[in-house]
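I opened the notebook with a plain aim, to look through the fold, the surroundings of the nucleic acid, a pocket and a handful of single residues, and to write down what I found.

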Amino acid sequence: MSQRIKIKALLESEQTDIEVTVKGWVRTFRNNQFIALNDGSTNSNIQVVVDFENTDQALLKRITTGAAISVSGILVASLGKGQKVEVKAKEIEVLGDSDPEKYPLQPKKHSLEFLREIAHLRFRTSTFGAIFRVRNSLAFAIHQFFQERGFIYLHTPIITASDAEGAGETFHVTNFDLANPPKTESGEIDFSQDFFAKATNLTVSGQLEGELGAMALSDIYTFGPTFRAENSNTTRHLAEFWMIEPEMAFYDLNDNMDLAEALLKYVIKYALDKNAEDIEFLTQRLQEEEKQKPQNERSEMSLLEKLQFCLDNDFERLTYTEAIEILRESTPNKKKKFQYPVEGWGTDLQSEHERYLVEKHFKKPVILTDYPKQIKAFYMRQNEPDGSGRETVRAMDILFPGIGEIVGGSQREERLEKLEQRMDEMGIPKDELWWYLDTRRFGACPHAGFGLGFERLVLFVTGMGNIRDVIPFPRFPKNAEF
RNA sequence: UCCUGAGUAGCUCAGCUGGUUAGAGCAUCUGACUGUUAAUCAGAGGGUCCCUGGUUCGAGUCCAGGCUCAGGAGCCA
């Protein structure tokens, strides 16, 4: 018997009339004769043709949707129209039965909501097969991009004692018996008796630790899980998500933006090359989905076109102040179509404003820089106040159509006095972050970095609408199934 | 967390101003057919109408509370 060959390789095979063995899961079994077999190596199925007149009835009954089978036979040019080649089966073995009365995946369309409830089986659908192959490629491409540029992959801690950054609510990590934690004399929980002898939590960002690495290794990046205990119920937020956080010594904000834009283009290009078939399938899927929508809500470009457009055009770069001017003069603002009218300078942009800039005004990815100081984090480098006394920081957010903020970054404040002054203003405890401040005491230098939300990237590249569909097992409020 | 909408067969849904035996398509099963591609044709089985309480002679339908899901907002990546 020949060795198992994956379906992807089989379909790419130049030879026919050769003996092959394929193994996979039955998608459909039509006409007692044609098995559509998939093994996850590619979006396409291989058609297995069964000589049903000379095959045991009992065996035929066991070839059901979802069953795992092994097929040995001859790869031949297909007699049918839907495929180039097919396998004429000589021998079929059912490796794992699948009771069709109980198997939840039927040979029909299923809603994404239903598939979310059976996330352990949704990998077996064409859509999720495509999504997770693309996700894999994007992850690999990210490492390749940084490795090619001499960045060091730095593993920052998952458990940390610093919740001072203010990036969001944290999940507590403790070894205490929650029904009966040790208390201090004043009745508070006594963390000095806990595993780490202090209160700890799951990381909300590896940035601060990343900066420590960059201050010796020059260019580092992290790529790991991140946790936020925010009660966020949206299509763009997860309680557990993966984040890429590069941090570069001797970079200013422009270098930072150049790197982020190059990274995004590189990984999108990689996925387009590597997963052409999957992206083609996802493009079709999105097109079908958009047919359900009214004409004016459909997007002008297909998924494939959007991705290509992203590669072919420079991202639009402008300052927060310039963006406010555009929004103030915009038609929806003048016609009072915005739910939140654009008036003063200094407040954060609402989703509808970002959407307008990206999807209506520029119609391409946008990088906003130099946000007001009071709406941004303490570690961002402070600009000199402008003529009218407006105080800004060297921040940059990259906004993508349909996604919103995909990257958030900044040049970091490397001047100790400025940093300490800002921490005092914002009530950030300097003593807890003594190690962070040490980098500003010893060999401080200009540096910058950003955070890229991996799932948001996957959302964009796959054209999916809900972030819970681009991570294998999503974690969100009231759900930690699987 | 807030706003809006939804929860009826395995899935997607219909079910009128409350009324007696709750329907359809797909899926499944049985049979026929046998080069199919969402196969086709004939037949069959399949229901905690989300939960709790209330109104009523009578509730899938009305009311209250709760749970869950979806979309939008906020928080952000």
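**Entry 1: the chain as a whole.** I began with burial and noted that, of the 482 residues in chain A, 49% are buried. I keep in mind throughout that this is a predicted model. I then looked up the secondary structure, and chain A has 14 helices and 16 strands. For the overall extent I took the principal axes, along which the C-alpha atoms of chain A fill a box of roughly 85 × 60 × 45 Å. I also checked how far apart in sequence the contacting residues are: among contacts in chain A between residues at least 6 apart, 69% join residues at least 24 apart.

**Entry 2: around the RNA.** Which residues come nearest to RNA strand B? I found 50 residues around the strand, and of these Arg116, Ser232, Thr234, His237 and Arg456 come nearest. By class, I noted 12 nonpolar, 21 polar and 17 charged residues on the surface near RNA strand B. Turning to the strand itself, I looked at its atoms within 4 Å of the protein, and 51% of them belong to sugar or phosphate, while the rest belong to bases.

I then looked up single polar contacts, and the three I wrote down reach three different kinds of atom in the strand. Histidine 237 has a polar side-chain atom 2.7 Å from a base nitrogen of RNA strand B, arginine 228 has a side-chain N or O atom 2.8 Å from a sugar or linking oxygen of the strand, and arginine 468 places a polar side-chain atom 3.0 Å from a phosphate oxygen. As for the elements that give two or more residues to this surface, I listed β5 (85–96), α3 (112–117), β11 (240–249), α11 (351–361), β15 (404–411) and β16 (447–453).

**Entry 3: the second largest pocket.** I noted a volume of about 1100 Å³ for the second largest pocket. Its lining counts 32 residues, of which Ser299, Lys306, Glu359, Pro401 and Gly402 are the closest to the centre. Which element supplies the largest share of this lining? I found that α11 does, with 5 residues, and that α7 (276–291), α8 (303–312) and α14 (454–462), like α11, each supply at least two. By class, the lining divides into 13 nonpolar, 6 polar and 13 charged residues.

**Entry 4: helix α5 and the residue after it.** In helix α5, which spans residues 207–217, I found Gln207, Leu208, Glu209, Gly210, Glu211, Gly213 and Ala214 buried. I looked for what covers these residues, and the cover includes β7 (159–160), β10 (219–227), β11, α13 (434–441) and β16. Serine 218 follows just after α5, in the loop between α5 and β10, and its phi is near 75°, a positive value in a residue other than glycine. Serine 218 has a relative accessible area of 30%, so I entered it as partly exposed.

**Entry 5: a second positive phi.** Asparagine 31, which is not a glycine either, has a positive phi of about 60°. I placed it in the loop between β1 (18–30) and β2 (34–38). Is asparagine 31 buried or exposed? Asparagine 31 counts as exposed because its relative accessibility is 62%, where the cut-off for exposed is over 50%.

**Entry 6: two threonines and a tyrosine.** Threonine 226 is in strand β10 and counts as buried, at 3% relative accessibility. Beyond residues up to four places away in sequence, I found it touching Thr203, Val204, Ser205, Ala239, Glu240, Phe241 and Met243. Threonine 125, in the loop between α3 and α4 (126–148), is also buried, with a relative accessible area of 14%. A polar atom of its side chain lies 2.8 Å from the backbone oxygen of arginine 122, and among its contacts farther along the chain I noted Arg27, Leu105 and Leu115.

Tyrosine 153 lies in strand β6 (residues 152–153) and, at 29% relative accessibility, counts as partly exposed. Its side chain reaches the backbone oxygen of phenylalanine 223 at 3.0 Å, and beyond its neighbours within four places in sequence it is in contact with His143, Gln147, Tyr221, Thr222 and Phe223.

Methods
Residues numbered from 1 in each chain as written. Chains lettered and ligands numbered in written order. Predicted model: local features only at pLDDT ≥ 70, side-chain atom pairs only at ≥ 80, totals over all residues. Heavy atoms only, no water. Near = heavy atom within 4 Å. Polar contact = N/O pair within 3.5 Å; in protein donor to acceptor, adjacent residues only side chain to side chain. Helix = DSSP H or I, 4+ residues; strand = E, 2+ residues; numbered from the N terminus. Nonpolar A, V, L, I, M, F, W, Y, C, P; charged D, E, K, R; others polar. 1 Å grid on protein atoms, 1.4 Å probe; cavity = no way out; pocket = protein on both sides within 12 Å on 5 of 7 lines; lining within 4 Å. Points joined across faces, edges and corners; volume = space filled by probe spheres on them. Buried < 20%, exposed > 50% of the residue type's maximum accessible area, 1.4 Å probe, protein only. Contact = heavy atoms within 4.5 Å.
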